[in-house]
2 protein chains.
Amino acid sequence: MTDQGFSLFEITLQQRAAAVEALLGELLSDRSRTGEISRPPRLMAAMRHGVLNGGKRLRPFLVMESAALFGADNLAALRVAAALECIHSYSLVHDDLPAMDDDDLRRGQPTVHRKFDEAAAILAGDSLLTYAFELISDEATELAPSARLALITQLARAAGIGGMTGGQALDLEAETVKPDEEGIIRLQAMKTGALIRFACEAGAIIGNAGEKDRERLAEYGSAIGLAFQLADDLLDVTADASRMGKATGKDAAAGKATLVSLHGIDWTKRQLAGLIAQAEELLSSYGASAALLKDAARFIAERRS
Amino acid sequence: MTDQGFSLFEITLQQRAAAVEALLGELLSDRSRTGEISRPPRLMAAMRHGVLNGGKRLRPFLVMESAALFGADNLAALRVAAALECIHSYSLVHDDLPAMDDDDLRRGQPTVHRKFDEAAAILAGDSLLTYAFELISDEATELAPSARLALITQLARAAGIGGMTGGQALDLEAETVKPDEEGIIRLQAMKTGALIRFACEAGAIIGNAGEKDRERLAEYGSAIGLAFQLADDLLDVTADASRMGKATGKDAAAGKATLVSLHGIDWTKRQLAGLIAQAEELLSSYGASAALLKDAARFIAERRS
């Protein structure tokens with residue numbers, strides 16, 4: 001703890017978030033980098049509203065800290081982090097649409113389709129998704145072509161059929177056919193776990209780490225991804241809406257099965273403790289340089305909002 | 001003309017279409033290539049409905065014929081063609097949504113949100129878009145990493161803010177602030193031209209062509225892309241709905257300015273003739289091997305549906 005009461009982890013999280021937001025604000029301005037083409041101003045405003053929303057930027061933090069573990073605290077890590085946040089943000093913009101979760105608020109602000117309109121929200125989401133791949137593939141992301149390509153392959157898998165959108169689809173299907181425990185775990189590993197796993201593996205790719213390290217970081221990502229979802233399910237049961245900045249109790253109201261509803265609060269807390277231990281164990285060979293990633297695991301498992 | 005009354009161009013277009021559809025059907029089956037992971041069946045069905053809809057597959061044809069011009073009539077060309085069709089199809093699935101064009105029919109079949117539901121259509125579109133990048137980046141697309149990366153960069157640009165989605169956004173904005181002639185041309189070059197231009201440039205990249213050839217193919221793509229849009233605007237005025245398999249007269253009903261509404265039918269036909277001549281001139285140095293691409297220019301400019 002520092003004098004202000006913030007931990008080094010919290011300060012670093014805020015610094016990383018500020019760096020990613022500065023880059024995204026610049027990249028998504030009304031003028032392109034060359035300044036030659038003026039962009040559709042309303043589309044750009046909708047994209048910025050969707051992505052520059054004061055999120056914690058946990059996924060970017062994981063990309064940058066994982067890359068730093070292998071000595072790559074650089075522009076490439078920042079750009080990949082920004083691309084990942086574009087993917088995460090697009091999924092929220094589309095998730096909030098009336099045909100999906102039908103949410104009016106996100107972090108206390110009107111959602112994109114409420115501030116603009118549905119068509120703008122659909123297009124802004126599509127554009128953020130597309131832009132993520134443009135951002136990584138561009139040669140300004142100073143990485144070897146093979147590394148940029150590996151990142152694109154892994155990101156597309158994590159965000160697509162076998163990952164996020166596949167998990168979202170399973171989630172919709174779960175409203176009619178309730179999944180068993182294995183089904184819930186698989187659904188959550190896809191829906192929220194895949195992008196978090198990607199974030200950590202991406203750092204290893206950016207840092208040109210070996211296969212073993214890459215696998216270890218991916219496994220760490222899987223552990224904290226599951227912890228993230230368990231903590232989320234727990235908060236849905238225990239937190240109040242004002243702290244979350246969004247509606248709570250929605251899972252139960254929707255009759256949605258979660259591991260918390262299956263096993264209860266105490267079991268979930270023990271699972272979370274086990275996942276923190278597992279994450280720490282996976283990072284043990286990196287010593288003190290992995291301290292903030294260990295903090296991140298605890299932060300994710302114990303978060304209150 | 002052959003005995004059956006089909007030209008070599010028409011036969012080749014059908015053959016290319018069949019090859020792309022076979023590949024897409026295989027890639028988008030309920031089981032992944034490894035067969036290990038069973039995919040969300042309803043999502044896969046929605047994706048297949050969106051992409052396997054009996055389209056002419058003009059963009060895939062352009063990719064494959066342009067690649068063949070440089071001796072690359074191979075699996076890589078077919079996979080990039082399939083990826084491009086995923087992008088084109090996702091844009092139609094999202095375009096048809098109630099918040100966008102609100103169309104019930106596409107090629108005489110119910111649109112994805114009519115056959116499934118809106119949430120499924122949003123997710124299927126997102127998944128097709130994401131899958132396009134997975135498809136190109138995968139090492140099964142047997143191209144050097146630098147070539148795969150160049151394709152991804154160009155595709156993301158053509159499909160995103162500075163291309164298709166940017167053009168769609170300008171189109172929405174045009175409903176309130178009418179664009180002038182320059183604005184209409186720019187909007188159309190982005191909205192429909194960019195992907196067609198990409199198709200032709202992609203062939204040159206796949207064929208490992210030099211900078212000069214790559215530029216020439218991209219210019220050819222721009223010319224036929226503009227011709228495509230002019231022919232479309234003309235059909236909206238002159239064709240009947242049964243032949244088009246979709247509603248006609250929508251531009252006029254929406255008060256939408258097109259070059260046809262500005263300059264009339266005769267001017268548009270002269271423009272189309274000029275664009276065919278320009279496309280042929282750009283291909284003149286390739287001799288007889290570019291015959292089908294020249295046919296494609298005429299087909300696009302003179303199409304009746």
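In this predicted model, B:Arg57 is buried, with a relative accessible area of 2%. A good place to start is the partner of this residue: the side chains of B:Arg57 and B:Glu21 meet in a salt bridge, with 3.0 Å from N to O. B:Arg57 sits in the loop between helix H2 (41-51) and H3 of chain B, while B:Glu21 belongs to helix H1 (residues 8-27), so the pair ties together parts that are 36 residues apart in sequence. Unlike buried B:Arg57, B:Glu21 is partly exposed, at a relative accessible area of 26%.

Another salt bridge of chain B joins B:Arg42 to B:Asp117, whose closest N and O atoms are 2.9 Å apart. Here distant parts of the chain are linked again: B:Arg42 lies in helix H2, B:Asp117 lies in the loop between helix H5 (112-115) and helix H6 (118-137), and 75 residues separate them. B:Arg42 counts as partly exposed at 36% relative accessibility, and B:Asp117 is partly exposed as well, with a value of 29%.

Chain A offers its own examples. A:Arg48 and A:Asp30 form a salt bridge through their side chains, at 3.0 Å from N to O. This pair connects helix H2 of chain A, which holds A:Arg48, with the loop between helix H1 (8-27) and H2, which holds A:Asp30, across 18 residues. Relative accessibility is 23% for A:Arg48, which counts as partly exposed, and 31% for A:Asp30, also partly exposed. Elsewhere in chain A, salt bridges link A:Arg16, A:Glu65 and A:Asp73 in a network. Over all chains, the search of the whole structure finds 32 salt bridges.

Aromatic rings come next, with 7 aromatic pairs over all chains. One of them is formed by A:Phe70 and A:Tyr286, which meet edge-to-face at 5.8 Å centre to centre, with 85° between the planes. A:Phe70 lies in the loop between helix H3 (58-69) and H4, and A:Tyr286 in the loop between helix H14 (265-283) and helix H15 (291-302) of chain A, so this pair ties together parts 216 residues apart in sequence. A:Tyr286 is buried, with a relative accessible area of 14%. In chain B, B:Phe70 and B:Tyr286 form an edge-to-face pair at 5.8 Å centre to centre, with 85° between the planes. That pair links the loop between helices H3 and H4 with the loop between helices H14 and H15 of chain B, 216 residues apart. Both B:Phe70 and B:Tyr286 are buried. Chain A also has an aromatic cluster made up of A:Phe9, A:Phe61 and A:Phe299.

Turning to where the chains meet, 47 residues from chain A and 47 residues from chain B take part in the contact. Together the two chains bury about 3,900 Å², 73% of it on carbon and sulfur atoms. On the side of chain A, A:Leu123, A:Leu149 and A:Ile161 lose the most area to chain B, together 18% of what that side buries.

The interface also includes 4 salt bridges. A:Arg157 forms a salt bridge with B:Glu134, with the closest N and O atoms 3.8 Å apart. Across the interface, 10 residue pairs are in polar contact. Helices H2, H4, H6, H7 and H8 of chain A each give two or more residues to the side that touches chain B, and H6(A) gives the most, with 12 residues. By class, this side of chain A has 26 nonpolar, 11 polar and 10 charged residues.

Definitions and conventions. Residues numbered from 1 in each chain as written. Chains lettered and ligands numbered in written order. Predicted model: local features only at pLDDT ≥ 70, side-chain atom pairs only at ≥ 80, totals over all residues. Heavy atoms only, no water. Contact = heavy atoms within 4.5 Å. Buried area = accessible area lost by both parts, 1.4 Å probe. Polar contact = N/O pair within 3.5 Å; in protein donor to acceptor, adjacent residues only side chain to side chain. Helix = DSSP H or I, 4+ residues; strand = E, 2+ residues; numbered from the N terminus. Nonpolar A, V, L, I, M, F, W, Y, C, P; charged D, E, K, R; others polar. Phe/Tyr/Trp six-rings, centres within 6.5 Å; stacked < 30°, edge-to-face > 60°. Buried < 20%, exposed > 50% of the residue type's maximum accessible area, 1.4 Å probe, protein only.
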